[in-house]
Each structure stands twice: as structure tokens, then as C-alpha cells.
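Work through the exercises below with the coordinates open. Each task is followed by a stepwise solution.

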Amino acid sequence: MSTLVTLPVLLPMLGAGLTVITSRSATLQRLIGIAVLIAVAVLAAVLLVAADRTGPIVAEMGGWAAPVGIALVADRLAALLLLVSTLVTLAVLVYSIDQRVADYGRETPSTTFHPMYLLLCTGVSLAYLTGDLFTLFVAFEIMLSASYVLITRRTSASRIRSGMTYVTVSLTSSLLFLTMVALVYAATGTVNLADLAAQVGELPDGLRTVLALLVVVVFGIKAAVVPLHFWLPDSYPNAPSPVTALFAGLLTKVGLYALLRTQTLVFPQDGSKTLLLWLAVATMVVGALGALAQNDLNRLLSFLLVSHIGYMLFGIAVFDVAGIAGTVLYIVHHITVQATLFLVSGLITRRTGTVSIDRMGGLAKTAPALAVLFAVPALTLAGIPPTSGFVAKLALLQAGAGSGVATAAVAGVVVASSLLTLYAMARVWVRVFWGTPQPPLSDPDPTDELVVGTGSTPRPMVAAAGSLAAVSVAIAVAAGPLSAVTGRAAEDLLDRGPYRTAVLGEEAR
Amino acid sequence: MTERIPWERWDEPHEPWLLPGRCPDRSERTLLLEMTTRVVFPTILVFSLYLLLVGHYSPGGGFSGGLVAGLAFVLRYIAGGRQDIGGAVRIRPPVVIGLGLTIAVLTALAPALAGNAVLSSAMWEVELPLLGTLEVVSSLLLDVGVYLLIVGVALDLLRSLGAGIEQDARAAGERM
Amino acid sequence: MITINLSMALVVGALYAVGFYLLLQRSLMRVLLGIVVIGHGANLLLQLAGGPPGRAPIVGDAPPEAMTDPLPQALALTAIVITFALTTFLLALGYRSWVLLGHDEVQDDIEDRRVARRQRPAGAMEEESDAEPEQRAGADQ
């Protein structure tokens with residue numbers, strides 16, 4: 001069983017190696033990529049079932065027991081997020097393959113895209129599964145290095161500009177991460193998360209607060225928490241739409257996952273929860289208001305992404321079983337829906353030849369399939385009742401209302417910013433899908449893959465985006481069992497016992 | 001018959017010292033460096049293999065071995081230019097990188113087939129005539145993977161940043 | 001808990017200060033140098049986290065209590081390799097920027113400036129599409 005925990009990390013890495021070797025054959029590359037991701041999705045499902053039945057599954061690298069060796073841990077939270085993330089990466093990969101086939105023909109291999117894509121999946125899997133602070137750093141670096149290449153691939157002037165911002169900000173946060181690891185090691189003499197859980201509790205209050213703050217800053221940059229969000233709306237919109245969908249769906253959530261993991265496991269007794277509550281408010285409000293000012297469809301979605309990070313932060317700040325469970329459910333919902341929205345946005349920009357919503361119009365008549373495909377995730381993101389967004393938001397609101405006046409007040413902000421999200425989405429709907437149909441504009445820069453294949457809407461790409469929308473509908477249908485799993489995951493996270501026992505053995509209790 | 005050398009270029013090297021022997025732009029060559037490279041290049045490669053093999057118990061290993069081998073290629077690139085690097089290595093650098101990564105991951109996975117923890121290693125003792133007992137560790141294969149990966153990266157850097165920039169500059173009409 | 005000596009703390013502090021100052025510059029080369037300098041600072045800090053200097057941690061060479069802690073060294077080595085690789089990437093990015101743009105300056109977010117400049121008359125969202133032709137010229141970048 002423990003070997004299965006390592007496979008979600010090793011298989012994509014193997015796939016990356018193989019796709020570099022086969023970089024002459026486009027078909028082989030695509031087959032390898034899809035096969036690997038399907039295998040990882042199946043593994044993640046198996047791990048989720050196993051972790052839910054028997055508790056966290058641990059794999060010790062090279063047979064060295066923790067805390068000396070490096071351990072990979074698949075508990076309910078990690079396995080659940082791994083499953084959802086892999087479904088999203090699979091759908092995005094299919095979409096981007098379809099896009100490439102539609103634009104360049106079946107026989108155009110790419111040296112960098114597939115290896116980097118799989119390497120990014122490696123980093124994401126490792127970040128979810130690792131039980132070690134330094135390995136988490138390495139996982140982030142694998143993930144971010146691949147993302148640097150993906151965001152600056154086929155460089156145009158605008159992508160160079162956004163790439164510089166993105167790379168510089170990410171590198172700075174990585175160096176702060178390294179500083180944090182050094183300080184944590186100096187203070188406790190260990191980097192194993194389960195071991196840290198005990199050691200950090202014995203530190204003086206001041207030192208612990210400094211470390212906890214540094215953790216919030218480091219993962220706050222990765223998760224785009226206001227006021228550390230400025231890089232996101234600047235860089236994401238300039239990447240090709242599949243890449244943006246992948247980044248928006250996964251990278252910020254991995255940062256948030258790291259924040260959730262460290263806050264629950266390592267710094268549970270700390271006073272940073274009030275700070276998190278304020279940050280959540282700022283993130284929700286700034287993101288939603290920022291979205292209203294935008295004219296560029298992708299930037300608008302990026303600001304909404306920032307805004308919704310605030311919701312998940314709110315659940316962490318509430319810090320009880322209901323709050324954490326709500327956050328986990330929200331992460332699951334948001335990974336799928338945000339990726340779907342960016343994929344659909346890619347389809348819309350293909351159709352219209354522009355990202356500016358002022359210059360679009362009448363798509364409801366000319367492309368009704370796109371209209372439906374946009375409406376489903378848009379309503380889900382806004383949290384209209386039968387959707388998964390509603391379920392997740394309701395869980396957060398209940399948690400907020402049930403744990404004091406301050407969180408209840410912030411729950412009010414959640415409702416307000418949901419309304420702003422709905423307003424922003426309605427604005428997009430009115431501008432893009434209603435009104436008089438506009439003729440598609442010609443592509444301003446054919447080399448940058450930002451706006452491609454003007455005027456057409458290839459069926460396979462629609463199908464790929466549609467399947468992801470179907471996943472988010474499935475989340476709404478399976479909301480009952482899913483929230484039971486997230487509830488149990490939240491209990492585990494706050495209890496800390498099962499995780500520590502699984503990693504360190506019985507004496508850790 | 002030997003080619004007649006113009007009097008103002010008498011001190012420029014015109015013999016093909018390095019392996020591929022094609023170096024059209026003679027004014028960019030330096031005799032001393034080419035001679036040294038010719039001698040030193042195989043030596044460095046052997047040294048890098050030594051580092052690769054002793055890495056389990058002594059300073060060395062796949063990473064440092066790969067870096068040293070990469071430096072050997074950098075030396076050749078400086079001495080012979082991009083034609084020489086292209087002639088010395090026929091295989092495309094990304095293939096070397098991919099091969100290294102694949103070998104490393106497969107080595108990591110192999111113990112799982114025998115029911116051991118992933119990344120764990122085994123050791124065998126081999127009796128060799130003349131050499132005596134040789135200890136072979138399975139993690140050597142992982143090191144080989146890393147070695148190939150690093151060499152591939154070094155070659156790819158020379159190809160894209162070294163020769164690529166040189167080519168761009170030539171296209172822009174600059175004299176290097 | 002490890003306490004480090006003052007001179008080392010000052011060196012780490014100076015490296016971070018210099019690095020962050022360079023990070024705030026416009027030129028990507030200086031930003032790159034800043035990242036390299038902070039990287040050195042972080043690696044030095046990681047080394048210091050292992051405690052006072054001692055003998056090489058090789059079994060048989062020294063008694064275990066005289067050895068240094070090998071873990072921070074392994075961590076620092078990994079971190080150095082990662083920083084090194086990303087430095088190369090930034091250099092390539094800087095070169096690409098120089099080829100495409102003729103400089104390597106990190107520029108402002110153009111769309112951001114455009115949004116900030118856009119002055120909307122209150123309640124007149126519909127008329128806005130007729131106005132401001134010059135801003136709409138490049139709106140689909």
C-alpha cells in the first residue's frame with residue numbers, strides 16, 4: 001500500500017522523462033501524458049478510499065523512518081485534493097491537446113510543453129503528499145520551475161513582461177520559504193511536519209508567532225492573499241488559456257493547502273487566526289471590487305480568483321471542524337470551477353478574437369453552446385443554489401455564523417462579495433452574450449497563442465471544457481458524501497493525532 | 001599540396017586539432033586552447049566517470065560527475081565553437097536529459113517490485129579477476145541517471161544559450 | 001534551539017538587506033543579482049541553523065558529538081542547486097527580453113494603468129463604449 005503513495009509523484013516524473021525522449025512524436029507524447037494522468041487519478045481515488053477507511057497511509061523513502069527519513073503521507077485531505085487536481089489537470093491537458101491539433105495539425109510535437117506539464121503535476125502531487133517542510137519547498141520549486149517555463153514559452157513582448165513579474169515574485173517567496181525553513185530548523189532541529197507539531201508547541205510565544213507570521217507571508221504570496229496578490233492579475237492573463245486554467249485552478253490552491261496544513265498541524269495554538277480573518281476580509285473585498293473595474297475577461301476572472309481565495313482563508317480563520325471542512329469543500333469546488341471558467345474564456349476569446357469584453361457581443365445567438373458552458377461555472381462560482389458553489393459557501397457561512405460575533409460579521413462580507421461576484425458575472429454575460437453579434441476580430445499577434453484560431457470553436461475543446469463543468473456538477477450531486485469526507489478530514493486536521501501516529505509511530509500520542 | 005597561407009595569418013592555427021576538424025572561421029581559434037583541450041578533454045571525461053563510480057562512499061556521485069563532464073563540454077565549446085560541440089555530440093541534448101530522468105525514476109521504483117520501500121538500495125559484492133572484490137550498490141544506477149541528466153542540461157545550455165546567442169549575434173551582423 | 005554569533009547574524013542581515021534593495025530595482029539584471037545575494041544569505045542561514053562548526057560527519061572520522069549536523073548542509077546543497085538553475089532561467093529570460101524589447105527592464109502592468117486612467121462618469125456605463133478611442137486601440141493585447 002505504501003508504494004501507492006509514491007506513485008502519484010513518480011509516475012508524472014517518469015512521464016516527463018519519457019515525453020522528453022519521445023519529443024519527435026506528438027502522438028506518443030500525448031498518449032504518455034494522458035495515460036500517466038489517468039493512472040494518477042485512479043491511484044488518488046484508491047488512496048482516498050483507503051485513507052478514509054484506515055487512516056493516513058505513509059510511505060518512508062528508502063526505508064528510513066520519520067523523522068530521520070522523508071515521509072510521504074496520504075491522509076483524507078491530501079488524497080481528496082490530489083484526486084480533484086488530477087481530474088482538472090487531465091481535462092486541461094486534453095483541452096490543450098485539442099487546441100494544438102485544431103491550430104497546428106495532428107503532427108506537431110512540442111519539446112517543452114508535455115514534459116513541463118507533467119513536471120508541474122509532479123510538483124503538485126509532491127506538495128500534497130509530503131510530510132516534510134523542506135520537501136514541501138522542493139515540491140514548490142518543481143511546480144514553480146515548470147510553471148515559469150509554461151508561462152514564458154513562445155515569448156512575446158507582453159508575456160516577457162508578465163513572466164518577469166511572475167518569476168521574480170515567486171522566487172522572492174521561495175527564498176522567504178527557505179529562510180523560514182532555516183529558522184524553523186534552528187529553533188526545533190527538525191523539518192518533519194509531524195515532529196514539528198510537538199516541537200513548535202514548546203517554543204517561547206514570541207518566537208512561535210514570528211515563525212507563524214513568516215509562514216503566513218510565504219504561503220500568502222503563493223496563494224495570492226491580499227495585500228500579496230498583485231502579481232496574479234498581472235501575470236496569469238498573459239499566458240495561453242489552458243496554462244492559465246491550470247495555474248488558476250491549482251497553483252494558488254496548493255499555496256492555500258500548505259497554509260491549511262501548517263496552520264492546523266504546526267501552529268494550531270497561535271494567535272494568527274485573527275490576522276487571517278482580517279486578511280480574508282481584505283482579499284474578498286479587494287478581489288471582488290477589482291474584478292468590477294476590469295475590461296479584460298481573463299483579468300476579471302483573475303481578480304475573482306483572488307476574491308475567492310478570501311473565502312477559503314475565512315474557513316481557516318474560523319478554525320473549527322465546520323470551518324476547516326468548509327474550506328476543504330470550497331477548495332475542491334473552486335479548483336474545478338475556476339479552471340473551467342478559464343477554459344471557457346479561452347473558447348470565447350477564440351470565437352471573438354479579443355479578450356476585451358467591450359468588443360464582444362451577441363455570443364448567445366452565434367454560439368449557444370458556449371453560452372451554456374459559461375453559464376454553468378459562472379453561476380457555480382457565484383454560488384446560486386443547486387450548484388456546488390452554493391453547497392460550499394453554505395458550509396462556510398454556517399461555520400462563520402456558529403462561532404462568534406466576529407466571524408458572523410465576516411460571514412456577512414462573504415455574502416456581500418458573493419453578490420459582487422454575481423454582479424461581475426452578470427456584467428460579463430450582458431456584454432458578451434447579449435447585444436448585437438460582433439464579427440470576430442483578427443488576431444493581433446499570431447505568435448503568442450493568447451488569442452488563437454479566431455472565429456472557430458472546435459468541438460473537442462468544447463467537450464474537454466464541458467467535462468470539467470460536468471465534474472463541478474457532479475460535486476454538487478455528491479455533496480452529501482463529499483461533505484461527510486471533508487468533515488472527517490477536518491476532524492483529523494484539528495485532532496492531529498492520527499497524522500502524527502501514522503508518521504511517527506505509536507509513541508507520538 | 002598544402003594551401004598557401006597569407007603572410008598576415010601565418011600564426012593562426014589552421015590544422016584541425018579537435019575531432020570534427022571543421023572550423024571555418026579561423027580568426028576565432030587559439031592554438032594553445034585547442035591543443036590543451038585535445039589533451040584534457042578525454043581526461044576530464046574519465047575523471048567524471050571516476051567521480052560517478054566512487055560516489056557512494058567518497059566525495060563524488062552523479063551530480064558532481066555530471067557537472068565535471070559538463071565542464072569538459074564547455075571547454076570544447078570555448079575552444080571549438082558550436083560546430084565542434086555539434087560534431088562531438090550527435091544525440092540531441094533533450095534526449096540525454098529524458099533518458100537520465102527515466103533511468104533515475106525507474107531505479108527509484110525498482111525496489112518496490114521486490115517489496116521494499118521506494119528509493120531503498122541493495123548492495124552486491126562482485127569478485128573480479130585482478131581487481132579483487134568490488135562492491136556494487138544499486139543506487140549507482142540512480143547516480144547514472146543524475147549524471148546523464150546533468151550532462152544533458154549542460155549540453156542543452158551550450159546549445160541554446162551559448163551557440164544560440166552566438167547565432168543570433170551573427171544574424172544581427174555583430175562580430176564575436 | 002540554536003543561537004548564532006553576532007558577526008554571522010550581521011552578515012546574513014547585510015546579505016538580505018543588499019538583496020532586497022537590488023530586488024526593488026527596475027533592471028532584471030539587478031533583480032537577478034538581488035535574488036542571488038538573498039539566496040546566499042538564505043543558504044548561509046541554513047548552514048548556521050545546523051549549529052557551531054565541527055568535524056566532518058563521516059562515521060569513523062570523528063566521535064559523533066564532535067560532528068556538525070549534516071542535514072542543513074544537505075538542505076543548503078539542494079537549495080543552492082535550485083537557486084542556480086533558476087538563476088540560469090532568469091538570465092535566459094533577461095536575454096530574451098533584451099532581444100525582443102531592447103532592454104531588460106521590468107515594466108508596469110499596462111492593462112492596470114489603462115484601468116486606472118479610465119474615468120467613468122457615474123452611472124454611465126453604457127456610454128463608455130463610445131468614448132476613449134485611444135485606449136481601446138490596444139485593448140486586445
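**Exercise 1.** Which residue forms a salt bridge with Asp205(A), and how far apart are the closest N and O atoms?

Conventions come before the solution. This is a predicted model, where local features need pLDDT of at least 70, side-chain atom pairs count only at pLDDT 80 or more, and totals for chains, interfaces and linings use all residues. Residues are numbered from 1 along each chain as its sequence is written, chains are lettered from A and ligands numbered from 1 in the order in which they are written, and side-chain values use heavy atoms, with hydrogens and water left out.

*Solution.*
- Apply the criterion: a side-chain nitrogen of Lys or Arg within 4 Å of a carboxyl oxygen of Asp or Glu.
- The partner is Arg208(A), at 3.0 Å.
- Place the pair. Arg208(A) and Asp205(A) are three residues apart in helix H8 (residues 205-223) of chain A, so about one helical turn separates them. Helices are DSSP runs of H or I with at least four residues, strands are E runs with at least two, and both are numbered from the N terminus.
- Recall the geometry: an α-helix has 3.6 residues a turn, so residues three or four places apart point the same way.
- Classify exposure. Buried means under 20% relative accessible area, exposed over 50%, partly exposed in between (1.4 Å probe, protein chains only). Arg208(A) is buried at 9%. Asp205(A) is exposed at 53%.

**Exercise 2.** Find which parts of chain A the Asp52(A)–Arg488(A) salt bridge ties together.

*Solution.*
- The two side chains meet at 2.7 Å, N to O.
- Asp52(A) lies in helix H2 (residues 26-54) and Arg488(A) in helix H19, so the bridge joins parts 436 residues apart in sequence.
- Arg488(A) is partly exposed, at 32%.
- Extend the search: Asp52(A), Arg76(A), Arg488(A) and Asp492(A) are linked in a network of salt bridges.
- Over all chains, the structure holds eight salt bridges.

**Exercise 3.** Check the length of helix H18 (residues 459-477) of chain A, then locate its buried side.

*Solution.*
- The expected span is 1.5 Å times one less than the number of residues.
- For 19 residues that gives 27 Å; the end C-alpha atoms are 26 Å apart, which agrees.
- The buried residues include Met461(A), Val462(A), Leu468(A) and Ile475(A).
- The buried residues cover an arc of only 170 degrees (directions from the helix axis to the C-beta atoms). That puts them on the same side of H18(A).
- The face turned away carries the exposed residues Arg459(A) and Val477(A).
- Cover for the buried residues includes helix H3 (76-104) and helix H19 (479-495) of chain A, with contact meaning heavy atoms within 4.5 Å.
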